[in-house]
Amino acid sequence: MTHRPTSGGVMHIWARSLAAVLVRRRPLPGLRHSAGLRQLVLPLVVMEIVMAFVLSSMLPPAARPAHAGLEALLVLAGLGLVAATLRHPHEVNAQRVVLRTGFLGDVTLPRSAVRSASSVVRTVPGRGPRPVPGEPGAVACSVDSSLNAVLHLDPPVRLDLGAAGLVDAVSVYASADSLPALSAALRTTPPR
């Protein structure tokens, strides 16, 4: 099973995640993912804040409030993206394994079908849950195209990828900040 939020839902996820960080609500327990994206976006947000002040000093005074509003929205969007990936970790329990992207959807697998996880260095074009080109029984689920983990499934799991159709998945590629933690979670949480 896969879930993809609508475009309005994405902004809602970003805003809700950012608000949860600001009020210091604890994130869900789980396995973090997308560290590379966070390490890319945070410096860009900091640079955008600095550049906003520089550009604002060159603008006519009448244009500064509109510019400040646009810059604030841009910075909040970047921080919301980071918050969404932090606040929506992967989940492993006795019934299911949920691979999340934070805001582009997720893939839910029955725990009984997930046999193992292994390390991989793979690039799959696209974002969110999607089929893997050239590999009929494979699905990728990540925020970006870089993947470092693959979950091996037996029996295959039928996943609905929306416009891409149904896939009987035997492997699911994902990104995880710690592959040893993902493997340990699978070992210590036997299926029911």
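**Exercise 1. The overall picture**

Among contacts in the protein between residues at least 6 apart in sequence, what percentage join residues at least 24 apart?

*Solution.* The share is 65% of the contacts between residues at least 6 apart in sequence. To place this value, begin with the kind of model in view, which is a predicted one, with a mean pLDDT of 86 for the protein and 93% of its residues at 70 or more. Next, take the elements, which comprise 4 helices and 9 strands and which follow one another from the N terminus as β-α-α-α-β-β-β-β-β-β-β-β-α. Finally, note that the C-alpha trace spans about 65 × 35 × 30 Å along its principal axes, and that 44% of the 192 residues count as buried.

**Exercise 2. Confidence along the chain**

Find which element of the protein has the lowest mean pLDDT and which has the highest.

*Solution.* Comparing the elements by mean pLDDT, one finds strand E1 (residues 2–3) at the lowest value, 58, and E9 at the highest, 93. A general caution belongs here: where pLDDT is low, the predicted coordinates should not be read in detail.

**Exercise 3. Strand E7 and its partners**

Work out how strand E7 (residues 138–142) is placed with respect to the rest of the structure, and which strands it pairs with.

*Solution.* Step one is to look at burial: 5 of the 5 residues of E7 are buried, so the strand is largely enclosed by the rest of the structure. Step two is to sort these residues by direction, which puts Ala-138, Ala-140 and Ser-142 on one side of E7 and Val-139 and Cys-141 on the other, with all of them buried.

Step three is to find the partners. Strand E6 (residues 128–131) pairs with E7 in the antiparallel sense over 4 bridges, whereas strand E9 (residues 166–174) runs parallel to E7 and is joined to it by 4 bridges. Val-139 serves as a useful marker for both pairings, since Val-139 is the bridge partner of Pro-131 and also stands opposite Val-172 in E9. Step four is to inspect the hairpin of E6 and E7, where 6 residues lie between the strands and Gly-134 takes a positive phi near 80°.

**Exercise 4. A second hairpin**

Describe strand E4 (residues 106–110) and the hairpin that E3 and E4 form.

*Solution.* Begin again with burial, where 4 of the 5 residues of E4 are buried, so this strand is largely enclosed by the rest of the structure. Then turn to the pairing, in which strand E3 (residues 96–100) and E4 are antiparallel and share 5 bridges, with Leu-99 opposite Val-107 in E4. Between the two strands of this hairpin there are 5 residues, and Gly-102 has a positive phi near 100°.

**Exercise 5. Helix H2 and its surroundings**

Check whether the length of helix H2 (residues 35–58) agrees with what its number of residues leads one to expect, and then describe how Leu-37 and His-67 are surrounded.

*Solution.* The 24 residues of H2, at 1.5 Å a residue, should span 34 Å, and the end C-alpha atoms are 35 Å apart, which agrees. The buried residues of H2 are Leu-37, Arg-38, Val-41, Val-45, Ala-52 and Ser-56, and what covers them includes helix H3 (64–87).

Leu-37 has a relative accessible area of 13%, which is under the 20% cut-off, so Leu-37 counts as buried. Beyond its neighbours within four places in sequence, Leu-37 is in contact with Leu-81, Thr-85 and Val-143; of these, Thr-85 is 48 residues away along the chain, while the two C-alpha atoms are separated by 8.8 Å.

His-67, which belongs to helix H3, is also buried, at 11% relative accessibility. With its neighbours within four places again left aside, His-67 is in contact with Ala-52, Leu-55, Ser-56 and Leu-59.

**Exercise 6. Backbone exceptions**

Locate the residue Ser-34 and the peptide bond before Pro-155, and describe the backbone angle at each.

*Solution.* Most residues other than glycine have a negative phi, and most peptide bonds are trans. Ser-34, although not a glycine, has a positive phi of about 65°; Ser-34 sits in the loop between helix H1 (7–22) and H2 and is buried, with a relative accessible area of 9%. Pro-155, found in strand E8 (residues 146–160), is joined to Asp-154 by a cis peptide bond with omega about 5°.

Note on methods:
Residues numbered from 1 in each chain as written. Predicted model: local features only at pLDDT ≥ 70, side-chain atom pairs only at ≥ 80, totals over all residues. Heavy atoms only, no water. Buried < 20%, exposed > 50% of the residue type's maximum accessible area, 1.4 Å probe, protein only. Pairing = 2+ DSSP bridges. Contact = heavy atoms within 4.5 Å. Expected span 1.5 Å × (residues − 1). pLDDT = per-residue confidence, 0-100.
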